[in-house]
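Subject: A structure for you to look at

Hello,

Here is the structure I promised to pass on to you. Please open it beside this email, and follow along as you read.

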Amino acid sequence: MLACDTNFFQVLSRERAAFRSREVRTIFPENQRIDIVKLDPPVEVLGLRLTGYRQQTGFCYGPRPTSFEWGFQVDETPAGTVLALRDHFPEGFEGSDESLRALKFPVQTQKNFYVSKPLPAGETGADLHCSV
């Protein structure tokens, strides 16, 4: 996940037993599909409490996907999450309380890792996002 590449899905598959799901929700905000898998029990990793896995697919120009990102939901605030990840992102983050982008990946790599407030209304904590 922190390397922000698609090898993440191989690791997720190997570690499947640690990520038992309690509930799966799909929501459709404007031009997007977001799938959220709530974990039961939550998984502790790097001082963070992972409460869910999420995938987001964007459809900005019709029925074909135009973007894809994945990540985890955590109990911590965005600022608390960035603090817990500081050893893995020594370059730091930029942005606001709403969304903080890791400076580890230069824009030209087309990799993005960021921490944000949850998109769906009523969700708390923070979302970790990765897109390639």
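Phe93 stands opposite Ala102 in strand 6, so begin by finding that pair in the model, which is a predicted one. Phe93 belongs to the stretch where strand 5 (residues 93-95) pairs with strand 6 (residues 99-102) in the antiparallel sense, over 3 bridges. A hairpin of 3 residues takes the chain from strand 5 to strand 6.

On its other partner, strand 6 meets strand 7 (residues 112-116); these two also run antiparallel and are joined by 3 bridges. In that pairing, Leu100 stands opposite Val115 of strand 7.

Which side chains of strand 6 point to the buried face? They are Leu100 and Ala102, while Ser99 and Arg101 point to the other face and are not buried. Try turning the model to see this alternation along strand 6.

Next, please move to strand 4 (residues 67-74). This strand is mostly covered, with 6 of its 8 residues buried. Strand 4 runs antiparallel to strand 3, and 8 bridges join the two. Within this pairing, Thr57 stands opposite Phe68 in strand 4. Strand 4 also pairs with strand 8 in the antiparallel sense, over 3 bridges, and there Trp70 stands opposite Cys130.

Cys130 brings us to the disulfide. How many disulfides does the structure hold? There is 1, and it joins Cys4 to Cys130, with a distance of 1.8 Å from S to S. The pair links distant parts of the chain, 126 residues apart: Cys4 sits in the segment before helix 1 (8-14), and Cys130 is in strand 8 (residues 126-131). The link is right-handed, with 130° about the S-S bond. Both Cys4 and Cys130 are buried.

There is also a charged residue worth finding, Asp35, in strand 2. Is Asp35 buried or exposed? Its relative accessible area is 16%, and because buried means under 20%, Asp35 counts as buried. The side chain of Asp35 makes a polar contact of 3.0 Å with the side chain of Arg33.

Finally, have a look at the pockets. The largest pocket holds about 350 Å³ of space. Its lining has 18 residues, and those closest to its centre are Met1, Phe8, Val45, Leu50 and Phe72. Which element gives the most to this lining? Helix 1 does, with 3 residues. Strand 2 (32-45) and strand 3 (48-58), like helix 1, each supply at least two residues. By type, the lining of the largest pocket divides into 16 nonpolar residues, 2 charged and no polar ones.

The second largest pocket has a volume of about 180 Å³. Among the residues that line the second largest pocket are Leu12, Arg16, Val37 and Tyr53. Here too, helix 1, strand 2 and strand 3 each supply at least two residues of the lining. The lining of the second largest pocket is made of 5 nonpolar, 2 polar and 1 charged residue.

Happy exploring, and write back with any questions!

Best wishes

Conventions. Residues are numbered from 1 along each chain as its sequence is written. This is a predicted model: local features need pLDDT of at least 70, side-chain atom pairs count only at pLDDT 80 or more; totals for chains, interfaces and linings use all residues. Side-chain values use heavy atoms; hydrogens and water are left out. A disulfide is a pair of cysteine sulfur atoms within 2.5 Å. Helices (H or I, at least four residues) and strands (E, at least two) are DSSP runs, numbered from the N terminus. Buried means under 20% relative accessible area, exposed over 50%, partly exposed in between (1.4 Å probe, protein chains only). On a 1 Å grid over the protein atoms alone, a cavity is a set of points where a 1.4 Å probe fits but cannot get out, and a pocket is an open set with protein on both sides within 12 Å along at least five of seven lines; lining residues have an atom within 4 Å of a point. Grid points are joined across faces, edges and corners, and a volume is the space filled by probe spheres set on the points. Ala, Val, Leu, Ile, Met, Phe, Trp, Tyr, Cys and Pro count as nonpolar, Asp, Glu, Lys and Arg as charged, and the others, Gly among them, as polar. Two strands pair if DSSP finds at least two bridges between them. A polar contact is a pair of N or O atoms within 3.5 Å; within protein, one must be able to donate a hydrogen and the other to accept it, and residues adjacent in sequence count only if both atoms are side-chain atoms.
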